[in-house]
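Reader: I've got a new model open and I'd like to practise reading it. Could you walk me through it, feature by feature?

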Amino acid sequence: MKSFGALLFLPLLFFILFFAGCNQQDNSPVEGSLSSGNEGSFLAKHYTLPPATMAELQQAKISTARYNNIENAIADGYVDINVVVPHMGHHYMNSSYLNANFEIDKPEILVYSPNSASGHMQLVAVEYAIPNTEPQPEGFTGSYDVWDNNAGFGLWLLHAWVWEYNPDGVFTGMNPNVQ
């Protein structure tokens with residue numbers, strides 16, 4: 001019976017710690033950030049978003065942490081789709097995720113930018129893609145995310161800058177901090 005109680009306690013503890021961390025302002029730069037300034041971390045910039053949205057953004061960040069090493073992304077099926085956009089980055093897509101479902105922990109696209117210090121590709125954002133034959137997707141909780149109906153690609157697209165601070169907003173397509 002004690003082990004059953006422990007099994008219930010651990011998820012509750014994780015939940016409390018996770019959401020407590022989401023509501024705290026963090027003024028330190030994001031580790032590995034391309035930002036050079038004092039604009040603070042991602043969470044500090046966006047701490048006014050509703051807690052549910054912040055928790056979902058944190059989930060997106062946690063689920064893609066292993067892709068800070070681009071070799072892990074390639075091993076898991078992300079391929080360079082030869083889309084390189086200034087102030088956005090290099091796009092790698094996992095086409096097996098491309099469907100009508102928005103899944104926070106399975107972004108269809110990872111966006112990388114060369115780190116100016118090391119030259120290595122650094123994960124800066126995740127991007128969600130839904131075929132535009134579907135209605136505009138429901139994404140993150142609230143009305144803060146902005147889906148782009150990109151006719152050229154035939155996709156609804158949504159950026160979430162969970163790895164690189166974006167002074168224009170977490171869901172904005174372009175990021176002036178990314179070259």
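Reader: Let's start with the core: which residues of the largest nonpolar core touch the most other members?

Author: The general idea is that, in soluble globular proteins, nonpolar side chains tend to be buried together. A nonpolar core here is a set of buried Ala, Val, Leu, Ile, Met, Phe, Trp, Tyr and Cys residues joined through side-chain atoms within 4.5 Å. Buried means under 20% relative accessible area, exposed over 50%, and partly exposed in between (1.4 Å probe, protein chains only). In this predicted model, the largest core has 26 residues, and Leu57, Leu110, Tyr112, Tyr128, Phe140 and Ala160 touch the most other members.

Reader: Which elements each supply at least two residues of this core?

Author: Helices (H or I, at least four residues) and strands (E, at least two) are DSSP runs, numbered from the N terminus. At least two core residues come from each of helix 3 (51–63), helix 4 (70–75), strand 3 (109–114), strand 4 (121–131) and strand 6 (155–160). Strand 4 gives the most, with four. There's also a second, separate core of eleven residues, with Met88, Val111, Leu155 and Leu157 among them.

Reader: What is tyrosine 112 in contact with, leaving aside its neighbours within four places in sequence?

Author: Contact means heavy atoms within 4.5 Å. On that basis, the partners of tyrosine 112 include Tyr67, Ile70, Ala73, Gly89, Tyr92, Met121 and Leu123.

Reader: And backbone oddities: which residue in strand 1 should I check?

Author: Try asparagine 82, in strand 1 (residues 79–85). Asparagine 82 has a positive phi of about 55 degrees although it is not a glycine, and it counts as exposed because its relative accessibility is 66%. Histidine 87, another non-glycine, has a positive phi near 65 degrees. Histidine 87 sits in the loop between strand 1 and strand 2 (89–93) and, at 33% relative accessibility, counts as partly exposed.

Reader: Which element has the lowest mean pLDDT, and which the highest?

Author: pLDDT is the predictor's confidence in each residue, from 0 to 100. Where pLDDT is low, the predicted coordinates should not be read in detail. Helix 1 (residues 2–22) has the lowest mean, 37, and helix 4 the highest, 98. Over residues 1–41 the pLDDT is below 50, yet this stretch has 45 contacts in the model beyond near neighbours in sequence.

Reader: Any ground rules?

Author: Residues are numbered from 1 along each chain as its sequence is written, and side-chain values use heavy atoms, leaving out hydrogens and water. Local features need pLDDT of at least 70 and side-chain atom pairs count only at pLDDT 80 or more, while totals for chains, interfaces and linings use all residues.
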